[in-house]
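Trainee: I would like a close look at one small part of this protein, please. Could you walk me through it slowly and then show me how it fits with the rest?

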Amino acid sequence: QWLFPFAAREGREFHVVPAHYDVKKLLGEQTTVALWREYFKHSSRAWHMAEAGPTPYGFVTTFPQLAMTTALHKRLRRSRAPLMAWNFNLGALYGGLKGFFARHAAAGGIDSYIVHSRAEITRYASWLRVPRDLFDFVPLQRPTEPILLDEDEGSPYLLAMGSARRDYGLLCRVVGSLGMPTTIVAAAHAVEGIVVPPNVKVVSGLTRRQCDELTQRARLCVVPVLNNETASGQVTLITSMMYGRATIATRCIGSE
């Protein structure tokens, strides 16, 4: 939606192809075969819609998986339709078959990559073996929300959110030794195998509104990240800052 006004200014139209699957139900620590299948069908629907409409046309995808499957369709069709990979943020730089597939799909398929950390440009260009000038940095956007709740001064707590490449093991050891009341909001895989001390509460499955309420009432927000390759934690970081919460974040690609 952030791109719509720019497209209209250039006399272009956006046609949204919504997902027909629940990403949250299919998405775990890694993209499963079932989810790759859904991404492939999603990009196929986009191509059919574009080919049935007026020409010329192009594509803007969000997240790398849809960019890859859309690029694969482009290569199979031998099309020259431009493809922009918006919000190109990888969880890790994979080797083996995943790396081969990514490089095969990207080479000649993706015409523009939009990343939200400058350090991603060097790492992704090298990993995908594509020119650096195909990448552009755009600050990560989130709609501004009003602060509606005050800090919970009666029962102060520390808050950590997110599931992507978090270092909750370190966080639990630190707050466990300090005895600070702490709430972690994360998927089960993010805390798997971690010894959770009694002063730490782990919750999952919350709505966006519930997460926002927890953030606004927290004494302190922490974004512990275990990722030196790609960007993680940036959404949680800017959200906590938007709500005026003092925030401690790991120095890494996402936070810098």
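Which residues of strand 1 make up its covered face, and which its uncovered one?

Mentor: Happy to help! This is a predicted model, in which local features need pLDDT of at least 70, side-chain atom pairs count only at pLDDT 80 or more, and totals for chains, interfaces and linings use all residues. Residues are numbered from 1 along each chain as its sequence is written, and side-chain values use heavy atoms, without hydrogens and water.

Your strand covers residues 59-62: F59 and T61 sit on the covered face, while V60 and T62 sit on the uncovered one. (Strands, E, at least two residues, and helices, H or I, at least four, are DSSP runs numbered from the N terminus.)

Let's look at what comes just before and just after it. The loop between helix 3 (33-52) and strand 1 holds P56. The peptide bond leading from T55 into P56 is cis, and its omega is near -5 degrees. On the other side, F63 belongs to the loop between strand 1 and helix 4 (64-77). F63 is not a glycine, yet its phi has a positive value near 75 degrees. With a relative accessible area of 44%, F63 is partly exposed. (Buried means under 20% relative accessible area, exposed over 50%, and partly exposed in between, using a 1.4 Å probe on protein chains only.)

Now for the neighbours of your strand. Strand 1 pairs with strand 2 (residues 83-86) in the parallel sense, over 4 bridges. (Two strands pair if DSSP finds at least two bridges between them.) Within this pair, F59 of strand 1 stands opposite L83 of strand 2. Stepping back, 4 strands make up an open sheet in the order 1-2-3-4, with parallel pairing. Strand 1 and strand 4 (135-137) are the edges of this sheet; each has a single partner strand, so one side of each is left without a neighbour in the sheet. From one strand to the next, the twist averages 20 degrees. (Axes are lines fitted to C-alpha atoms, for helices over the stretch in contact, and angles run from 0 to 180 degrees between N-to-C directions.)

Going one strand further in, strand 2 and strand 3 (residues 112-115) run parallel and are joined by 2 bridges. Here M84 has S112 of strand 3 as its bridge partner. A helix also packs on this sheet: helix 6 (residues 118-128) touches strand 3 and strand 4, and its direction makes about 165 degrees with that of strand 4. (Contact means heavy atoms within 4.5 Å.) In the loop between helix 6 and strand 4 you will find R129. Like F63, R129 is worth a look for its backbone: it has a positive phi of about 60 degrees although it is not a glycine. R129 has 66% relative accessibility, so it counts as exposed.

With that sheet in mind, you can try reading another one in the same model. There, 5 strands form an open sheet in the order 7-6-5-8-9, again with parallel pairing. Its edge strands, each paired on one side only, are strand 7 (200-203) and strand 9 (247-249). The twist from one strand to the next averages 20 degrees. Strand 6 (residues 182-185) and strand 7 run parallel, joined by 4 bridges. T182, for instance, has V200 of strand 7 as its bridge partner.

Helices pack here too. Helix 8 (residues 208-217) touches strand 5 (158-161), strand 6 and strand 8, and its direction makes about 145 degrees with that of strand 5. Helix 9 (residues 234-242) lies across strand 5, strand 8 and strand 9, and runs at about 165 degrees to strand 9.

For a single residue to study in this second sheet, pick V222. This valine lies in strand 8 (residues 220-223). V222 is buried, because its relative accessible area is 10%. Apart from neighbours within four places in sequence, V222 is in contact with L158, L159, A160, M161, L171 and I248. V222 and A186 are 36 residues apart along the chain, and their C-alpha atoms are separated by 13 Å.

To return to your question, F59 and T61 belong to the covered face of strand 1, and V60 and T62 to the uncovered one.
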